[in-house]
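This report describes the side-chain contacts and the surface of one protein chain. Please keep the sequence and the model in view while reading.

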Amino acid sequence: MVDNRYATALVIGSVLSLLATVYLSVAVGTQHWFQYSSPPVKQGVNLSELKEEFIGGDFDEKTYSEAMFHLNGTLGLWWRCIQVPSPSHWYKQLDSTMETSCVSFTLPQQFSPKYKPPRINKDEEDLLRTYLWRSQFLLPLVSLALVFLSGLVGVCACLCRSFTPTVGVGVLHFLAGLCSLGTVCCFRAGVDLLHYSYPPPGGVEGSMGWSLYLALISFPLQMMAAALFLWAAKSHRKNYTPMTAYRVA
């Protein structure tokens, strides 16, 4: 028999876990982790050439970073985007209709090494930026996998009618929360190091986007869910043991 307090804690923890999973999943799939606000493009800048290099050119960090600096770009874990005038308004600077062009990072690109500028010696790899980039890509996937695994453990606990596996559910949510926080920290540190390697031009302002805030919100939600699961399991065990001893006596 489960006390109503523990059942309520389990329900609230499950709801918080679901919200955290939704927020983190949306954050991973969107491109608004970091966004640039660029000044008006100067006369003589070929926007179509910048767009073509950004979309169809070789994967080069400096090239796509320069395009994002000048064209109100946004950066995510899987996407990089720029805003350019629509094809029918290339020469109308004042009332042009803007459209967003996005390119996804492929799996090999996610694991590609980062280099220290200037890239005269291609063997001079920036290990810190390389592993920060890989960590920001892997940690959210690990976090979602841990939450999914905790859900399986919770289902097993319900089928076995046991509160003991709830401790494992709480621990898994705690680890998932650390991974979510690590994702945000790695991404933010990686962007700062990117700006150190390739400084944005004057007048370009960068700010954190709503996708990053969604990932950041998932961290306390997962921690609160972990605390509720651990509290319910520990308190139920303390109350259940004296009750069992009393019945045996």
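The text below treats the fold, the salt bridges, the aromatic contacts, the disulfide and a surface patch in turn.

**Overall fold**

The model is predicted. The protein chain contains 7 helices and 5 strands, and their order along the sequence is α-β-α-α-β-β-β-α-α-α-β-α. Of its 249 residues, 39% are buried.

**Salt bridges**

A search of the whole structure gives 3 salt bridges. They are listed here with the distance between the closest N and O atoms.

| Acidic residue | Basic residue | N to O distance |
|---|---|---|
| Glu61 | Lys114 | 3.9 Å |
| Glu61 | Arg129 | 2.3 Å |
| Asp192 | Arg188 | 2.8 Å |

Glu61 forms a salt bridge with Lys114. Because Glu61 belongs to helix 3 (residues 61–70) and Lys114 to the loop between helix 4 and helix 5, this pair ties together parts of the chain that are 53 residues apart in sequence. Glu61 also meets Arg129 in a salt bridge. That pair links helix 3, which holds Glu61, to helix 5, which holds Arg129, across 68 residues.

The three residues are buried in the model: Glu61 has a relative accessible area of 8%, Lys114 one of 2% and Arg129 one of 5%. Each value can be set against the cut-off, since buried means under 20% relative accessible area.

The salt bridge of Asp192 with Arg188 lies within helix 6, where the two residues are 4 residues apart and therefore separated by about one helical turn. Asp192 is partly exposed, at 39% relative accessible area, and Arg188 is partly exposed as well, at 29%. Returning to the other two bridges, Glu61, Lys114 and Arg129 are joined into one network by salt bridges that share partners.

**Aromatic contacts**

The whole structure holds 7 aromatic pairs. In one of them, the ring centres of Phe105 and Trp133 are 5.2 Å apart and the planes stand at 80 degrees, so the pair is edge-to-face. Phe105 lies in the loop between strand 4 (98–104) and helix 4 (107–110), whereas Trp133 lies in helix 5 (residues 127–160), so that distant parts of the chain, 28 residues apart, are linked. Both Phe105 and Trp133 are buried.

Trp133 has a further contact: Lys114 lies over the face of its ring, 3.7 Å from the ring centre. Lys114 is thus a partner of Trp133 and of Glu61. Elsewhere, the charged end of Arg80 sits over the ring of Tyr64, at 5.0 Å from the ring centre. Phe34, Tyr36 and Phe69 make up one aromatic cluster.

**Cysteines**

The count of disulfides is 1. This disulfide joins Cys81 to Cys102, with an S to S distance of 2.0 Å. It links Cys81 in strand 3 (residues 79–85) to Cys102 in strand 4, 21 residues apart. The torsion about the S-S bond is about 110 degrees, so the disulfide is right-handed. Cys81 is buried, at 1% relative accessibility, while Cys102 is partly exposed, at 33%. As for other cysteines, Cys156 is partly exposed, at 43%, and Cys179 is buried, at 12%.

**Nonpolar surface patch**

Val171, Phe174, Leu175, Leu178 and Leu230 form a nonpolar patch on the surface, with a combined accessible area of about 380 Å². Helix 6 (residues 165–197) contributes the largest share, 4 residues. Leu230 is placed in helix 7 (residues 210–248) and counts as partly exposed, at 33% relative accessibility.

Terms used: Residues numbered from 1 in each chain as written. Predicted model: local features only at pLDDT ≥ 70, side-chain atom pairs only at ≥ 80, totals over all residues. Heavy atoms only, no water. Patch = residues over 30% accessible without salt bridge, like charges linked within 9 Å, V, L, I, M, F, W, Y side chains within 5 Å. Areas by Shrake-Rupley, 256 points an atom, 1.4 Å probe, with all protein chains shown as cover. Salt bridge = Lys/Arg side-chain N within 4 Å of Asp/Glu carboxyl O. Buried < 20%, exposed > 50% of the residue type's maximum accessible area, 1.4 Å probe, protein only. Phe/Tyr/Trp six-rings, centres within 6.5 Å; stacked < 30°, edge-to-face > 60°. Lys NZ or Arg CZ within 6 Å of the ring centre and 35° of its normal. Disulfide = S-S within 2.5 Å.
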